Every structure is written in C-alpha cells, then in structure tokens.
Amino acid sequence: MKKMKKVIAILGSARKKATYRAVQEFEKTLKTLEEVDFEYIFLSKYYLQFCNGCLTCFNKGEEYCPLKDDRDLLFEKMDQADGVIFASPNYSFQVSARMKNFLDRFSYLYHRPYFFGKTFTALVVQGFLGGKKIRKYLESMGKHFGFKVVKGACLKTLDPMTEKQEKKLEKEIRKAANRFYKKLKADSNPSPSSGRLFMFRVSRNLVEVLAPEFRDYQYYKENGWFESDYYYETDIGLLKKFLGAFGDFLGKHIAQNQ
Ligand SMILES: Cc1cc2nc3c(=O)[nH]c(=O)nc-3n(C[C@H](O)[C@H](O)[C@H](O)COP(=O)(O)O)c2cc1C
C-alpha cells in the first residue's frame with residue numbers, strides 16, 4: 001500500500017490568526033486532492049535560542065553548535081516530511097523575527113543542502129505591502145535548504161475583509177495548494193536551472209581548494225559532490241554539461257587566485 005504523504009507547516013506567527021487561517025485553507029485544499037498527514041509546527045511553541053554568530057556550524061559542523069534547544073527536533077520534523085511549508089506574517093517588510101531566527105539557526109544548510117526530493121512552498125500574510133519580496137525570499141531559502149520549491153502565495157489578510165476579498169484569498173490559496181500537490185506527488189527531482197548548476201560547480205571548486213579542513217569539504221566528499229554532475233542524479237543536456245564544465249573551470253581559477 002502507498003504510504004500517506006506527510007506535510008508540515010512551520011508557522012512564524014505567535015497568534016492563531018491570519019497565518020494560521022491561511023495554512024488551514026491550504027490544508028483543506030490539499031486534503032481534497034489526497035489524504036495527507038498534516039502537522040502544524042508553531043515556532044512560538046519551540047525553544048529556539050538566537051544564533052550568536054560563532055560560525056561553529058559552518059566551520060566544524062552543526063553538531064558542535066553551543067546552543068542546546070529544539071533545533072534538532074525541528075530538523076527531524078522536516079526530515080520526516082515529504083512536503084514543507086514555511087508560513088510567516090510580514091513584519092516590517094520581512095518575515096517575523098521567529099521565522100528569521102529559525103532560518104539563521106539552519107543557515108549551515110546553505111553550505112550543505114540536505115532536503116532533496118522534498119516539496120516546499122511559502123505562504124506570506126500581510127496588511128498591505130512588501131509581502132511578495134518576502135515570499136520570494138522564503139522560496140530562495142527553500143532552494144538553499146535543498147527543497148523542490150514551488151511558487152507559494154502572498155495574501156492580504158487585513159480584517160475586516162469583504163466577501164469578495166475572502167473569495168480572492170481562498171482562490172489564491174487553492175491555486176498555491178494545487179501547485180504544491182503536483183510536485184508533492186511527483187517523486188522525481190527537478191533538473192537544475194542553469195544558474196543553480198553553475199553555482200554548484202563554482203562552489204564545489206572553492207570548497208575543494210579553499211576549505212579542506214572545514215565541514216563542507218567532508219560533506220561534499222561523503223556525498224560524492226566533487227565528482228557528480230549535480231547534488232543529486234539528474235539528466236543534464238549537452239548545453240548544461242558545457243556550462244557546468246565552465247563553472248568548474250571558473251571555480252578552480254577563482255580558488256587558485258585567492
Ligand atoms: C510588528 C508588525 C509589523 C508589521 N509590518 C507589516 C508590513 O511591513 N507590511 C504589511 O503589509 N503588514 C505588516 N504587518 C501586518 C501583518 O502582516 C498582518 O497583520 C498579518 O496578518 C499578521 O499575521 P497574524 O494574524 O498571523 O499574526 C505588521 C504587523 C506587525 C505586528
């Protein structure tokens with residue numbers, strides 16, 4: 001029997017208001033498409049200290065982080081999921097501080113992406129202005145984590161809402177949930193964009209030459225990333241093969257001239 005998909009939503013609002021309502025609507029739509037195991041993770045209920053910026057996770061490894069709190073528990077939650085949603089209110093033209101700290105605490109993943117094969121999207125709720133950039137920001141964070149990223153939604157949720165506004169909101173969420181579901185049920189990893197492939201090739205050469213004593217080097221080696229086409233097995237066409245080779249060349253050149 002096919003295993004039920006697990007989806008988690010990580011919420012950056014301490015209230016059970018607009019962010020929560022948007023995720024509930026998303027869950028409702030998703031469940032009309034397929035029965036999924038859906039879990040709400042309220043960051044306000046987890047103990048996550050502020051990153052002190054010591055860089056130990058980058059350099060030595062995340063297991064050496066001096067902060068002992070719920071970070072690993074949150075990692076497990078993402079690791080056990082097939083789909084992940086980051087949902088945040090717009091606070092002062094950014095994600096909420098809770099969501100930002102969550103991202104900071106996992107920023108070692110930008111060096112060592114991990115969550116390949118898992119589907120990701122972002123929901124941002126706001127009063128009036130600035131949320132589209134935040135949605136894009138969260139989506140780019142998702143890519144850095146390694147997720148398969150699907151375009152999310154930015155929603156105007158200021159109360160009181162007219163019936164027309166409510167309907168528009170529901171429609172946007174339904175569309176986002178449908179996009180998410182399409183990727184969730186597709187088991188394959190996407191072929192990388194030219195930009196991501198190029199960045200991978202440049203950075204692996206920087207890691208290989210400049211960082212042999214750092215955790216990134218070990219991680220790349222363990223994953224076979226110094227030899228592979230990309231982070232994961234994927235078909236890249238001839239054009240991307242050339243582009244990748246150029247990325248390797250450029251990365252080596254930059255590293256050797258540091
Ligand atoms: C501290 C703070 C800053 C905010 N900054 C913005 C903003 O820059 N732009 C905006 O459109 N809405 C802003 N808002 C409005 C919230 O995004 C909006 O009320 C949202 O629905 C809150 O989500 P919640 O109900 O889940 O808490 C701000 C709200 C707070 C509390």
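This passage walks through the charged pairs, surface patches, cysteines and backbone oddities of a predicted model.

Salt bridges are a good place to start. A search through the whole structure turns up 17 of them. One joins Lys77 to Glu39, with the closest N and O atoms 2.8 Å apart. This pair ties together distant parts of the chain: Lys77 sits in helix α3 (residues 71-79) and Glu39 in strand β2 (residues 37-42), with the two positions 38 residues apart. Nor does the pair stand by itself, as Lys6, Asp37, Glu39 and Lys77 are linked in a network of salt bridges.

A second bridge, between Arg112 and Asp216, has its closest N and O atoms 2.7 Å apart. Here too distant parts of the chain are linked, and the partners are 104 residues apart. Arg112 comes from the loop between α5 (108-111) and β4 (119-126), while Asp216 belongs to helix α9 (residues 215-222). Both ends of this bridge are tucked away. Arg112 has a relative accessibility of 2%, so it counts as buried; Asp216 is buried as well, because its relative accessible area is 9%.

Helix α6 offers a bridge of the local kind. The side chains of Arg135 and Glu139 meet there at 2.8 Å, N to O. The two residues are four apart in α6, or about one turn of the helix. Arg135 has a relative accessible area of 9% and is therefore buried. Glu139, at 10%, is buried too.

The same helix also has a part in a charged piece of the surface. Lys132, Lys136, Lys151, Lys167, Lys171, Arg174 and Lys175 make up a positive surface patch. Two helices, α6 (131-145) and α7 (163-185), each supply at least two residues of this patch, and α7 gives the most, with four. One of the patch members, Lys136, is placed in helix α6. Its relative accessibility is 45%, so Lys136 counts as partly exposed.

A nonpolar patch turns up on the surface as well. Phe93, Phe128, Leu129 and Leu158 make this one, with an area of about 490 Å². Leu129 is found in the loop between β4 and α6 and counts as exposed because its relative accessibility is 59%. Phe93 lies in the loop between β3 and α4; at 55% relative accessibility, this residue counts as exposed too.

Phe93 is also of interest for its backbone. Its phi is positive, at about 65 degrees, although the residue is not a glycine. Ser92 likewise has a positive phi, near 50 degrees, and is a residue other than glycine. Ser92 is in the loop between β3 and α4 (97-105), and with a relative accessible area of 69% it is exposed. Another backbone feature involves a proline: the peptide bond from Asp159 to Pro160 is cis, with omega near -5 degrees. Pro160 is placed in the loop between β6 (153-156) and α7.

What about the cysteines? The structure holds zero disulfides. For Cys57, which is in no disulfide, the nearest cysteine sulfur is that of Cys51, 6.4 Å away. Cys57 has 15% relative accessibility and so counts as buried. Cys65 is not in a disulfide either, and the sulfur of Cys54, the nearest from a cysteine, is 6.1 Å away. With a relative accessible area of 10%, Cys65 is buried.

Two buried valines round off the picture. Val84 lies in strand β3 (residues 83-89) and counts as buried because its relative accessibility is 0%. The C-alpha atom of Val84 is 7.4 Å from that of Lys118, and the two residues are 34 apart along the chain. Val207, in turn, is in helix α8 (residues 194-210) and is buried, with a relative accessible area of 9%. Between the C-alpha atoms of Val207 and His111 the separation is 9.6 Å, for residues 96 apart along the chain.

Terms used. Residues are numbered from 1 along each chain as its sequence is written. This is a predicted model: local features need pLDDT of at least 70, side-chain atom pairs count only at pLDDT 80 or more; totals for chains, interfaces and linings use all residues. Side-chain values use heavy atoms; hydrogens and water are left out. Patches are made of residues with over 30% relative accessible area and no salt bridge: like charges are joined within 9 Å, nonpolar side chains (Val, Leu, Ile, Met, Phe, Trp, Tyr) within 5 Å. Accessible areas come from the Shrake-Rupley method with a 1.4 Å probe; for residues, only the protein chains shown count as cover. A salt bridge is a side-chain nitrogen of Lys or Arg within 4 Å of a carboxyl oxygen of Asp or Glu. Lys and Arg count as positive and Asp and Glu as negative; His and the chain ends are not counted. The place of a charge is taken as NZ of Lys, CZ of Arg, CG of Asp or CD of Glu. Buried means under 20% relative accessible area, exposed over 50%, partly exposed in between (1.4 Å probe, protein chains only). A disulfide is a pair of cysteine sulfur atoms within 2.5 Å.
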